[in-house]
Amino acid sequence: MVLRYCRRHERRWSFTQQGWVAFPAEKIQAIQAYAARLRAIDPEAPALLVRDIGCDVCAATSWPLAQPHGATNGRHRREP
Ligand SMILES: [Zn+2]
């Protein structure tokens, strides 16, 4: 089982909802701990893999940063 998760915004990709849902980091840790415990008892239990990827918020916020327009903003501060 692969879980797609964005640590920065604490959001998880939901296959059932086909979208990003808010998901606290403690819950991810709890699920990981549970999966590890399960595998300790039953080695055939499915492994849980948390893939750290960017969410829709990451994609939305990285756009303005990629634009070169904002780079010159700090250079206009030398006026008396
Ligand atoms: Zn994100």
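This passage describes the strand pairing, the two hairpin turns and the confidence of a predicted model.

The protein chain of the predicted model has an average pLDDT of 85, with 78% of the residues scoring at least 70. Among the elements of the chain, the highest mean pLDDT, 97, belongs to strand E3, whereas helix H2, which spans residues 56-66, has the lowest, at 78.

Four strands are assembled into an open sheet of mixed pairing, in which the order is E3-E2-E1-E4. The edges of this sheet are formed by E3 and by strand E4 (49-52), each of which pairs on one side only. On average, and with direction ignored, neighbouring strands of the sheet are turned by 40° against each other.

Within the sheet, strand E1 (residues 2-6) pairs with strand E2 (residues 11-14) in the antiparallel sense, and two bridges connect them. Tyrosine 5 has arginine 12 of E2 as its bridge partner. Arginine 12 also stands opposite valine 21 in E3, the strand that comprises residues 19-22 and pairs with E2 over four bridges, again in the antiparallel sense. The pairing of E1 with E4, by contrast, is parallel and consists of four bridges; here arginine 4 has arginine 51 of E4 as its bridge partner.

The antiparallel pairs form hairpins, and a residue with positive phi is found in the turn of each. In the hairpin of E1 and E2, four residues lie between the strands, and glutamate 10, located in the loop between E1 and E2, adopts a positive phi of about 50° although it is not a glycine. The hairpin formed by E2 and E3 likewise has four residues between its strands; glutamine 18, in the loop between E2 and E3, has a phi near 50°, which is a positive value in a residue other than glycine. Most residues other than glycine have a negative phi.

The surroundings of these two turn residues were assessed from their C-beta neighbours. Glutamate 10 has 15 such neighbours inside 10 Å and therefore counts as partly exposed, a class that lies between the limits of 12 or fewer for exposed residues and 20 or more for buried ones. Glutamine 18 counts as exposed because it has 7 C-beta neighbours inside 10 Å.

Key. Residues numbered from 1 in each chain as written. Predicted model: local features only at pLDDT ≥ 70, side-chain atom pairs only at ≥ 80, totals over all residues. Pairing = 2+ DSSP bridges. Axes fitted to C-alpha atoms, helices over the stretch in contact; angles between N-to-C directions. pLDDT = per-residue confidence, 0-100.
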